[in-house]
Every structure is written in structure tokens, then in C-alpha cells.
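Got a minute at the bench? Here is a quick tour of one protein chain, with the structure to look at as you read.

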Amino acid sequence: MEGLVPVQRLPVRVASPSLYRCNNSLSIRRSISGFAMDRKINFRAPSQFSIRAQQSDLKESLAVSSLSVEGKGNALRIKEWEVEMYQEELAISQGIRIRRKPPSKAPLGYSGPFELRLHNEDADSPRNILEEITWYKDEEVSRMKELNPLDALKKAVEDAPPTRDFVGALRMAHKRTGFPGLIAEVKKASPSRGILKENFDPVEIAQAYEKGGAACLSVLTDQKYFQGGFENLEAIRSAGVKCPLLCKEFVVDPWQIYYARTKGADAVLLIAAVLTDLEIAYLLKICKKLSLAALVEVHDEREMGRVLGIEGIELVGINNRSLETFEVDISNTKQLLEEEHGRQIRERDMIVVGESGLFTPDDIAYVQAAGVKAVLVGESIVKQNDPEKGIAGLFGRNISHT
């Protein structure tokens, strides 16, 4: 299983009719869906009338066969469409509001359990920026998979250097400084803020973050919306930066996990607002197989409840930015860590990562008091002329190793 919920597209082939002679007879053979069909016509001294009759009979037979193949093809399209609808129903049942693909209309002649929904189609344009990114990412990954087949990626992983301990680095930083471990984000732009840093040198920024005390780095690899790229991830790893690297990508396919591993990632991001519980569990297994950490991001209480019901999660990110309005409220972190959720996280010794809206020492103190042991920060430090000073200003003191 290398897809989230795979659907096999089986080829329906119709071979061109082939003609050959056998014992003074003319045989016409055509292959439809793997089955050979023979039709023999007497070839001895045919009359003009018999030839026309045979031609008419042949055309009728070919037409029937063509309709049969077309019918089978449409039946397959209907089944594939229904699988997509069942996947969507599963996502909706888990409170997932982000649609993974644009809504598609039922194939011609559809009659089935989703018939009533055809009269109440959802909007055919993205409802928010995350949905827009997700739709684009699905198309982008399809193109990238053609250029980089999964089998080739698996072989490349075998030769890749070992990953670095992302979770361990955060725990050590928290213990060393008394503050949440810092995941500093290498980010040039964002859909909501535009360009964050004009003179953007990912390696220079990464080195400054490391020197300033960052435990780990997050590297944006999305090009269209964040002006990032996998080449940045590779360049930072090749430059000798020792901090473990999080591949900040919008994962919609297991292929992306393998690709990130070949480009030098030590961890990947999984967004609960996009992925079902089953998909998250499956992707976690792949991460474990590839020795990658997984930061599973939530935005609200329902997503937090879902994630806490999935085994094997060590890192939970709480994003304080609303998916619908893009407004930021750091009290979201405190709310999601109260009562039962907070108790489960403490019992399982999970690391909670605070994300978005962290600009001052007071912000850091607030989320730390709520139970956060790590923070992911980009905008407030990447915009600084001196990222090292930006980190010191964020925490209220120097947290570097020196």
C-alpha cells in the first residue's frame, strides 16, 4: 500500500481488428478487455450481395463491442468516483473541513448512494487558503511522481545518511535552557504576510539560527505559496548545519515522505485538518520505517481529540492561526491543553509545539505555562537583520550554547 487509500485504474484496451487468412477463410480477431473474439467469414467466390451483408454484420458487431467496452469503462469510472465520495464522507465524519480535491460530478448514468448529493454540489472553488494549497499540492505531487518514481526513491533512501534525532534535540534544548526548544523556521514568504525577507539566503539564515540557539530548523519546501523549495532543504543539510531539519510541506501522499527523506529531512509535518485518522496512522508507520519524526499539527479541540486517539504520536503542534479567517489567538494553545487533553499529553510524555503568534518573551512564557515544551517560530525572527539577536529578543535572553 503506497497510496493513502489507493484506487487502481485498470486499463481497458481495445486492439485494432487484425485480419488473416486460414484455409481459404478470412478471420477477423479483435481483443476487448483481454478477451479475444473471432469471427470467420467464408471467402470462397463471394457475391457482391454477400460481401455487403458481411460488412454490415461486421460493423454492427464492432459497434456492439465498442458500446460494451464503453459501458465497462463508465462502470469503472462510477466505482472510482464512489470511492472518492466514500473517502470524503469519512473525512467529514471526522470533522475535516478541508476538501482534498475539487468536487467532481458523477459519471454519466450514475445512480447510487450519493445521488441526492448531486442536487446540492459544494462550491467548486477553494473555500480557504489551506484548501487551495491542498488542491494544488495534489496536482503537483502527481507531476513530481512521474519524474521521481517511488521505486527510485526507495533505493535512494537506502543510500541516504542516517537521520538526526529531532525529538531528542527538542528535549535537550528544553532541559538546557529552561525554555521551550526552538524550531526556527527558514521561510521567505507566506500567503498571509507576503515577502518576509527580501535578501533571502536559506543557508545563511539556517547557520545564524543554529548559532543563536535553535534546537531544530523548519524549512519551507512549498514553492508556489511560500517561495521555498527542496533545494533549500538540501543546501542547508549540505552546508554542515547540525540541527535536525523539519520538512515543512503539505503532505497529501506517502510519496512525499520518501521524497523528503531523500532530500535530507529528519522530520515531516502532518496536518490533521487535511488527513483522516487512518491516513495519519499509515503515514506515521512510513515515518517510523524511514526513521523520521512526525509533527502532527492541530488547530482546534476536535482535531486534538482525534490525534490523541492515534498511537505512536510524539509531537503535537498547536497552530494558533484560524484556517478560515487567518486570525491568530495564542489563547488557543491554552484552551487545547486544559483538562483531559493536557492530562493525556503529560501521561504520554508528548511534546507540544506552540505555533503562530509568538513574538515576545511574554508570548513564550504564556504558552510555556500552558504546557508547551517547544515552539515553532518563523516571522518574528526571520524578518530580523540579525537572526541571532532576534532569537535572544524572542526569549528575553541569549539561549545559544556560548
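What follows is a short briefing, going from the whole chain down to single residues.

Keep in mind that this is a predicted model. The protein chain has 14 helices and 13 strands, and 48% of its 402 residues are buried. A search of the whole structure turns up 19 salt bridges.

**The chain as a whole**

- Among contacts with a separation of 6 or more, 67% are between residues 24 or more positions apart.
- The chain exposes about 21,000 Å², and carbon and sulfur atoms supply 51% of that area.

**Helix H2**

- H2 has 19 residues and reaches 27 Å from its first C-alpha to its last, close to the 27 Å expected at 1.5 Å a residue.
- Asparagine 128 caps the N-terminal end of this helix, with a side-chain oxygen 3.2 Å from the backbone nitrogen of leucine 130.
- Plenty of H2 side chains to look for here: the buried residues are Ile129, Leu130, Glu131, Ile133, Thr134, Trp135, Lys137, Glu140, Val141 and Met144.
- The cover over the buried residues of H2 includes helix H7 (255–262) and strand S9 (267–271).

**A buried salt bridge and its network**

- Within H2, the side chains of lysine 137 and glutamate 140 meet in a salt bridge at 2.8 Å, N to O.
- Lysine 137 and glutamate 140 are three residues apart in helix H2 (residues 129–147), so about one helical turn separates them.
- An α-helix has 3.6 residues a turn, so residues three or four places apart point the same way.
- Are these two charged residues, lysine 137 and glutamate 140, buried or exposed? Both are buried.
- The pair is also part of something wider: Lys137, Glu140, Asp222 and Glu249 are linked in a network of salt bridges.

**Two other salt bridges**

- Arginine 343 forms a salt bridge with glutamate 340, and their closest N and O atoms are 2.3 Å apart.
- Both of these residues, arginine 343 and glutamate 340, sit in helix H11 (residues 339–347), three residues apart, about one turn of the helix.
- Arginine 343 counts as partly exposed because its relative accessibility is 33%, and glutamate 340 is partly exposed too, with a relative accessible area of 38%.
- Lysine 383 forms a salt bridge with glutamate 379, with the closest N and O atoms 3.8 Å apart.
- This pair is split in its burial: lysine 383, at 46% relative accessibility, counts as partly exposed, whereas glutamate 379, at 14%, counts as buried.

**Strand S7 and its neighbours**

- Five of the five residues of strand S7 (residues 216–220) are buried, so the strand is largely enclosed by the rest of the structure.
- In a regular strand the side chains alternate between the two faces of the sheet.
- On S7, Cys216, Ser218 and Leu220 point one way, while Leu217 and Val219 point the other way.
- Which strands does S7 pair with? Strand S4 (residues 181–186) pairs with S7 in the parallel sense over four bridges, and strand S8 (residues 245–248) also pairs with S7 in the parallel sense over four bridges.
- For landmarks, glutamate 185 stands opposite serine 218 in S7, and leucine 217 has leucine 245 in S8 as its bridge partner.

**Two loop residues**

- Where is serine 356? It lies in the loop between strand S12 (351–355) and helix H12 (361–370).
- Serine 356 counts as buried because its relative accessibility is 16%, under the 20% cut-off.
- The side chains of serine 356 and asparagine 319 are joined by a polar contact of 2.8 Å.
- Leaving aside neighbours within four places in sequence, serine 356 is in contact with Asn319, Asn320, Arg321, Val328, Ile330 and Leu376.
- Glutamate 314 is also a loop residue, placed between helix H9 (301–308) and strand S11 (315–319).
- At 45% relative accessibility, glutamate 314 counts as partly exposed.
- Not counting residues up to four places away in sequence, glutamate 314 touches Val167, Met350 and Ile351.
- Glutamate 314 and alanine 294 are 20 residues apart in sequence, and their C-alpha atoms are 7.6 Å apart in space.

Terms used: Residues numbered from 1 in each chain as written. Predicted model: local features only at pLDDT ≥ 70, side-chain atom pairs only at ≥ 80, totals over all residues. Heavy atoms only, no water. Buried < 20%, exposed > 50% of the residue type's maximum accessible area, 1.4 Å probe, protein only. Contact = heavy atoms within 4.5 Å. Salt bridge = Lys/Arg side-chain N within 4 Å of Asp/Glu carboxyl O. Areas by Shrake-Rupley, 256 points an atom, 1.4 Å probe, with all protein chains shown as cover. Polar contact = N/O pair within 3.5 Å; in protein donor to acceptor, adjacent residues only side chain to side chain. Expected span 1.5 Å × (residues − 1). Pairing = 2+ DSSP bridges.
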